[in-house]
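Here's a quick briefing to read with the structure open beside you. It walks through the sheets, then a helix, then one histidine.

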Amino acid sequence: NNWKTKTDCVNVSDKTIVFSAQEGSVMLAFLDYPVAQNEVYTAAAISWLWKNAEAEATAHKAQMVISVLGPAKSNPLKLYQLFTRVAASVLAVSDAAGVYMNETLLLLSKGYYLEAAKNMSDDHLPLYCWLYFGLMEEDGEKSGAFTYGMKEFDLPEMEIVQSTQALPET
């Protein structure tokens, strides 16, 4: 209700919830074991938006898997918006540290994610919650940048190499 998502066909069992929303179908599954530590450490090492990710995210003991599916010709933006609302709903009522998206190695803190979800609209999309934007320095004089996750939106990944711009400008 807080995220203005209308649901129907709700099915609740011991560790799963499945429901339909206007944009697609959602499944939540509680797993009482953590994400593989090597995955979390890898994502934490490159998580520049969550400075304490390694200390905070690697201490987790369990996980909530959130799957959002739509018809074959679904609008990926609508599905990601639904995912964001559902993930924010779970974060708001749990002691979860954050959100981990394994396909993009994206690891975001609870506070950051909730704020981005709260501000989400059709005109203000939380791209940092869906795509990984990587920055790198090359040889101390050049910089580069890259993305993970653009293919989910039927767009090519981006990469900038050997830029002479300062890293923040790349």
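What follows is a short tour by topic. Keep in mind that this is a predicted model. It has an open sheet of four strands and an open sheet of three strands, and both use antiparallel pairing.

**The four-stranded sheet**
- The strand order here is β1-β2-β3-β4.
- β1 (7-12) and β4 sit at the edges with a single partner strand each, so one side of each has no neighbour in the sheet.
- From one strand to the next, the twist averages 15°.
- β3 (residues 25-31) and β4 run antiparallel and are joined by seven bridges.
- If you want a spot to find in that pairing, look at F30, whose bridge partner in β4 is M64.

**The helix across it**
- Helix α3 (residues 76-92) lies across β2 (16-21), β3 and β4.
- Relative to β4, α3 runs at about 155°.

**The three-stranded sheet**
- This one goes β7-β8-β9.
- The edge strands are β7 (132-138) and β9 (159-163); each has a single partner strand, so one side of each is left without a neighbour in the sheet.
- The twist here averages 15° from one strand to the next.
- β8 (residues 142-148) pairs with β9 over three bridges, in the antiparallel sense.
- Across from F146 you'll find E159 in β9.

**H60 and its surroundings**
- H60 sits in the loop between α2 (53-57) and β4 (63-69).
- Its side chain reaches the backbone oxygen of A57 at 2.8 Å.
- Setting aside neighbours within four places in sequence, H60 is in contact with P34, V35, Q37 and V40.

Key: Residues are numbered from 1 along each chain as its sequence is written. This is a predicted model: local features need pLDDT of at least 70, side-chain atom pairs count only at pLDDT 80 or more; totals for chains, interfaces and linings use all residues. Side-chain values use heavy atoms; hydrogens and water are left out. Helices (H or I, at least four residues) and strands (E, at least two) are DSSP runs, numbered from the N terminus. A polar contact is a pair of N or O atoms within 3.5 Å; within protein, one must be able to donate a hydrogen and the other to accept it, and residues adjacent in sequence count only if both atoms are side-chain atoms. Contact means heavy atoms within 4.5 Å. Two strands pair if DSSP finds at least two bridges between them. Axes are lines fitted to C-alpha atoms, for helices over the stretch in contact, and angles run from 0 to 180 degrees between N-to-C directions.
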